[in-house]
Amino acid sequence: MKPSPTELYRPQVKICGLTSPEAALACAELGVDAIGCVFFPKSPRHLSERQAREICAVLPPEVKKVGVFVNETYLHIMQKVERCGLTVVQLHGQESPELVHEILNKNIPVIKALFTAGVPSFSDAQKYRASAFLVECGSGILPGGNALTWDWQQARKISETYPLILAGGLSPDNVSQAIAACRPAAVDVSSGVEKAPGIKDLTKVKAFLDSVFCSKYKEKLNKVF
């Protein structure tokens, strides 16, 4: 059944780097589609298993719980999935296509990060069978957006072929522009809605969501989350 000509579809929203159950639940109540729990010791948003489990436990079923990993082993990732209640895995390093496929074989959706200034690059997308691709510049000190903006239009070719999550330097002030540049299925933000690393500013989260919810497509999107 075709959608009504007047029906519009918005990109989904993932808020990443949450560090408390209270903030995670508040984000869910504001209407986010997914939250991200970071399992990377060098990140200021790194979580213990206990912290991640407490965050995932308070979220409603419709909000996806994404575990973010950087160059970890299959065993390590699957332990965190089982112990913390994660529902999606995000691989944010130089992981192999084989690792992606191994996790997918457990019926767990996998998001693979691609970078304009790093490895794997956008041209490597065809090597993976990921559920979706998260794209950003990858030129900062740490894996992740590092609050750096970039030419989002570079991701347009990815969004035309694969489910795309746009990340990197997004904020309430520029997310509408970024969405218009590459038409992603979802957007991902962390530092752009914070008052300190890992501490979300709910006023900024709401402003970010308001901007995204005003950016809609006539074409129906495949949901990422």
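**Strands, cores and ring pairs in a predicted model**

Strand β1 (residues 12–16) runs parallel to β2, and the two are joined by 3 bridges. Within this pairing, C16 stands opposite G36 in β2. The model described here is a predicted one, and these two strands offer a convenient way into it. Both belong to a closed barrel of 8 strands, which runs β1-β2-β3-β4-β5-β6-β7-β8 with parallel pairing. On average, neighbouring strands of this sheet are turned by 25° against each other, direction ignored. Further round the barrel, β6 and β7 also pair in the parallel sense, over 3 bridges. Here V135 stands opposite L166 in β7.

Strand β2 deserves a closer look. It is mostly covered, with 6 of its 6 residues buried. In a regular strand, side chains alternate between the two faces of the sheet. In β2, A34, G36 and V38 point one way, whereas I35, C37 and F39 point the other way, and all are buried. Helix α2 (residues 49–58) lies across β2 and β3, and runs at about 175° to β2.

F39 leads on to the aromatic pairs, of which the structure holds 2. The ring centres of F39 and F69 are 5.1 Å apart and their planes meet at 10°, so this pair counts as stacked. It links distant parts of the chain, with F39 in strand β2 (residues 34–39) and F69 in strand β3 (residues 64–69), 30 residues apart. Both F39 and F69 are buried.

The other pair, F133 with Y162, is edge-to-face, with 5.1 Å from centre to centre and 80° between the planes. This pair, too, links distant parts of the chain: F133 belongs to strand β6 (residues 132–136), while Y162 sits in the loop between α5 (156–161) and β7 (164–166), 29 residues away. What is the relative accessibility of F133, and is the residue buried or exposed? The value is 1%, so F133 counts as buried. Y162, by comparison, has a relative accessible area of 27% and is therefore partly exposed.

Rings also meet charged side chains in two places. K112 lies over the face of Y128, at 5.8 Å from the ring centre. The charged end of R183 sits over the ring of Y217, 4.2 Å from its centre.

Attention now turns to the nonpolar interior. In soluble globular proteins, nonpolar side chains tend to be buried together. The largest nonpolar core in this model has 56 residues, and the members that touch the most others are I15, L91, L166, V187 and F208. Helix α6 (residues 175–182) provides the largest share of this core, 5 residues. A second, separate core of 14 residues includes V88, I111, F115 and I165. Returning to I15, its contacts beyond the neighbours within four places in sequence are C27, V32, A34, I35, G36, V189, V193, K200 and V205.

V224 completes the picture. This residue lies in the segment after α7 (202–213). With 16% relative accessibility, V224 falls under the 20% cut-off and therefore counts as buried. Which residues does V224 contact, leaving aside its neighbours within four places in sequence? They are Q12, A132, P163, I165, A185 and A186. V224 and T161 are 63 residues apart in sequence and 14 Å apart in space, C-alpha to C-alpha.

Note on methods. Residues are numbered from 1 along each chain as its sequence is written. This is a predicted model: local features need pLDDT of at least 70, side-chain atom pairs count only at pLDDT 80 or more; totals for chains, interfaces and linings use all residues. Side-chain values use heavy atoms; hydrogens and water are left out. Rings of Phe, Tyr and Trp (its six-membered ring) pair if their centres lie within 6.5 Å; planes under 30 degrees apart count as stacked, over 60 as edge-to-face and the rest as tilted. Helices (H or I, at least four residues) and strands (E, at least two) are DSSP runs, numbered from the N terminus. Buried means under 20% relative accessible area, exposed over 50%, partly exposed in between (1.4 Å probe, protein chains only). A charge sits over a ring if NZ of Lys or CZ of Arg is within 6 Å of the ring centre and within 35 degrees of the ring normal. Contact means heavy atoms within 4.5 Å. A nonpolar core is a set of buried Ala, Val, Leu, Ile, Met, Phe, Trp, Tyr and Cys residues joined through side-chain atoms within 4.5 Å. Two strands pair if DSSP finds at least two bridges between them. Axes are lines fitted to C-alpha atoms, for helices over the stretch in contact, and angles run from 0 to 180 degrees between N-to-C directions.
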